[in-house]
Each structure stands twice: as structure tokens, then as C-alpha cells.
Amino acid sequence: TALFATSRTYNDNLGTTALAAAEVAVVWLAMQQFVDMTSLKREAISPKYLCVPVNLAATAFGIVKPLSEFAPGETTDTAFVRTMGLETIVVAHWTNAKDHVYVADPALVPGFLFGFVNGVEDPQLFVQDNQNFGSMFDRDAITYKIRHEYGGSPVDHRAFYAEDVA
């Protein structure tokens, strides 16, 4: 199943709305209404991170700016969104200038599961420096090899909500 879908039986986590304070409130409500797939009870999941491309960074930071950073007497029409405590993450390699993704706190709703081959979480460094064979014998060169084997997969689509803006 796709990580983001609009026709999921229990949770619809794909929209097409541009980034704005009103849209953030709509996504928050949608995530609050996600249900457990076995009990069908609401999970009340809240987004913690707003992931945006570089093009939306200024907009995102302006929307999620905490109320405490406003000058005394300054008013805002986005007070509700500002109380959510969303953190903005700018993803520099995203090329679509309008798409953005909301992510729940991984400590509360783990969206991905990662595993390491044979439980080895740290990269392994191998050095070929024996003078009797290999590159040290042939070319007086020390050869290095690094191995880091791991894998991952999404396990709970309720941790995410994406806006695929045309």
C-alpha cells in the first residue's frame, strides 16, 4: 500500500492544499481523527514536524512562529496554529516547490521501522594494510572499506500527512 493515499479505509492522509495557516489547522484536525485499525477508536495524533522544501521555508517559519515571539499588542490570525508547537524541517533536496509533509512525534507514533543486519548499528571499517599482499604489496597503498548494512520500511501511515500541491 502507498504511504500516502486519499482512498484509505481508515485514514486519508493525502491532500492537495497549498501551505497556509488555515491548511495547517485542517491537517491537524484530520490527524486527530485518525483511528486505530483494529478498535476503530480515534488516536488523536498531532503533527510535530512540518517538512518543507527550501521554497516554502519562509512561509513555514512564518506560520509556525510561536506566539511568544510576537511583540506586545501584535495580533495574529494564526494563533491556533502557533500554539501547536510545530517544528519546521527544511528538506534541501526536495525539488517540488509546493509539496510539504506533516510528521507526528516518532516517540508517540513510530511511522518507520529500521533494522540492522546482525544487529550491527555502527559502520564497520576494514583496513587492508598487510605488506605481503593486496594493494599495499602491489602499489604501496592502504585500502579502506566501510560497510553499513541496514534497511527500513514504513509501518504506520497515521504518523504522516502529505500535501501534494499541483
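Visitor: How many salt bridges does the count come to in this chain?

Guide: The count comes to three salt bridges, and I should say at the outset that this is a predicted model.

Visitor: OK, which residues are linked in a network of salt bridges?

Guide: The network links Glu 43, Asp 156 and Arg 158. Arg 158 meets Asp 156 in a salt bridge at 2.6 Å, N to O, and Arg 158 also forms a salt bridge with Glu 43, where the closest N and O atoms are 3.6 Å apart. That second pair links distant parts of the chain, since Arg 158 lies in the loop between β8 (150–154) and β9 (160–163), while Glu 43 lies in the loop between α1 (21–32) and β2 (47–52), 115 residues apart.

Visitor: And is Arg 158 buried or exposed?

Guide: Arg 158 counts as buried, because its relative accessible area is 9% and the cut-off for buried is under 20%. Asp 156 is buried as well, with a relative accessible area of 10%, whereas Glu 43 is partly exposed, at a relative accessible area of 35%.

Visitor: What about Lys 48, which residue forms a salt bridge with that one?

Guide: The partner of Lys 48 is Asp 105, and the closest N and O atoms of this pair are 3.8 Å apart. This pair, too, links distant parts of the chain: Asp 105 sits in the loop between β4 (100–104) and β5 (112–116), Lys 48 sits in strand β2, and the two are 57 residues apart. Lys 48 is partly exposed, with a relative accessible area of 26%.

Visitor: Stepping back, how many helices and strands does the chain have?

Guide: There are four helices and nine strands, and along the sequence they follow the pattern β-α-β-α-α-β-β-β-β-α-β-β-β. Of the contacts between residues at least 6 apart in sequence, 69% join residues that are at least 24 apart.

Visitor: What share of the residues is buried?

Guide: Buried residues make up 33% of the 166 residues in the chain. As for the outside, the accessible surface of the chain comes to about 10500 Å², and 55% of that surface belongs to carbon and sulfur atoms.

Visitor: Which residues make the nonpolar surface patch?

Guide: The patch is made by Leu 125, Val 127, Ile 142, Tyr 144 and Ile 146, and it covers about 540 Å². The elements that give two or more residues to this patch are β6 (124–128) and β7 (143–147).

Visitor: Take Leu 125, then. Where is it found, and why does it count as exposed?

Guide: Leu 125 is found in strand β6. It counts as exposed because its relative accessible area is 55%, and the cut-off for exposed is over 50%.

Visitor: New topic: where is Phe 114, and in which strand?

Guide: Phe 114 has its place in strand β5, and at 55% relative accessibility Phe 114 counts as exposed.

Visitor: What is Phe 114 in contact with, leaving aside its neighbours within four places in sequence?

Guide: With those neighbours left aside, Phe 114 is in contact with Gly 151 and Gly 152. If you wish to follow the backbone there, Phe 114 and Pro 154 are 8.8 Å apart in space, C-alpha to C-alpha, and 40 residues apart in sequence.

Note on methods:
Residues are numbered from 1 along each chain as its sequence is written. This is a predicted model: local features need pLDDT of at least 70, side-chain atom pairs count only at pLDDT 80 or more; totals for chains, interfaces and linings use all residues. Side-chain values use heavy atoms; hydrogens and water are left out. Patches are made of residues with over 30% relative accessible area and no salt bridge: like charges are joined within 9 Å, nonpolar side chains (Val, Leu, Ile, Met, Phe, Trp, Tyr) within 5 Å. Accessible areas come from the Shrake-Rupley method with a 1.4 Å probe; for residues, only the protein chains shown count as cover. A salt bridge is a side-chain nitrogen of Lys or Arg within 4 Å of a carboxyl oxygen of Asp or Glu. Buried means under 20% relative accessible area, exposed over 50%, partly exposed in between (1.4 Å probe, protein chains only). Contact means heavy atoms within 4.5 Å.
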